[in-house]
Amino acid sequence: ASGYGVKGIPDHIASVPVTITQDMVGTTIGAFVGIESKRPGGELHGLQPINITDIIASGGFAQVATSKEDVKRVEYNLRKRFNL
């Protein structure tokens, strides 16, 4: 919102620890997470939709949250995606 971020990069990014498949039991990896914050009715612009698509295509998690209530949906989807 300040205009100082890198264009097209989600507002919130993180690496979430994920314990993976049976052959790697006990190993924890980082899964890339990107969450773009928009005001209600806000739209993705420029590189945002491309970067979100790229994150998902690379095995990461990316979604858009448009309200405080919507963050609960994103959190639910994140937990479901990575069995957290």
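**Charges across the protein chain.** In this predicted model, the protein chain carries 9 positive and 8 negative side chains. Take the centre of each set, and the two lie 4 Å apart. As for the surface, about 6,100 Å² of the protein chain is exposed, with carbon and sulfur atoms supplying 57% of that area.

**The overall layout of the protein chain.** Here we have two helices and three strands, running β-β-α-β-α from the N terminus on. The C-alpha atoms fit a box of roughly 45 × 25 × 20 Å along the principal axes. Of the 84 residues, 27% are buried. Looking at contacts between residues at least 6 apart in sequence, 40% join residues at least 24 apart.

**A close look at Lys38.** Lys38 sits in the loop that links strand S2 (28–37) to helix H1 (48–57). Its relative accessible area is 17%, so Lys38 falls under the 20% cut-off and counts as buried. A polar atom of the Lys38 side chain is 3.2 Å from the backbone oxygen of Glu43. Leaving out neighbours within four places in sequence, Lys38 is in contact with Glu43, Leu44, His45, Gln48, Val64, Ala65, Thr66 and Ser67.

**Inside the largest nonpolar core.** Ten residues make up this core: Val16, Val18, Ala31, Val33, Ile35, Phe61, Ala65, Val74, Leu78 and Phe82. Strand S1 (12–19), S2, strand S3 (61–65) and helix H2 (68–82) each give two or more residues to it. Ala65, one of these core residues, is also among the contacts of Lys38.

**Leu78 and its partners.** Setting aside residues up to four places away in sequence, Leu78 touches Val33, Phe61 and Leu84. Val33 and Phe61 belong to the largest nonpolar core, as does Leu78.

Conventions
Residues are numbered from 1 along each chain as its sequence is written. This is a predicted model: local features need pLDDT of at least 70, side-chain atom pairs count only at pLDDT 80 or more; totals for chains, interfaces and linings use all residues. Side-chain values use heavy atoms; hydrogens and water are left out. Helices (H or I, at least four residues) and strands (E, at least two) are DSSP runs, numbered from the N terminus. Buried means under 20% relative accessible area, exposed over 50%, partly exposed in between (1.4 Å probe, protein chains only). A polar contact is a pair of N or O atoms within 3.5 Å; within protein, one must be able to donate a hydrogen and the other to accept it, and residues adjacent in sequence count only if both atoms are side-chain atoms. Contact means heavy atoms within 4.5 Å. A nonpolar core is a set of buried Ala, Val, Leu, Ile, Met, Phe, Trp, Tyr and Cys residues joined through side-chain atoms within 4.5 Å. Accessible areas come from the Shrake-Rupley method with a 1.4 Å probe; for residues, only the protein chains shown count as cover. Lys and Arg count as positive and Asp and Glu as negative; His and the chain ends are not counted. The place of a charge is taken as NZ of Lys, CZ of Arg, CG of Asp or CD of Glu.
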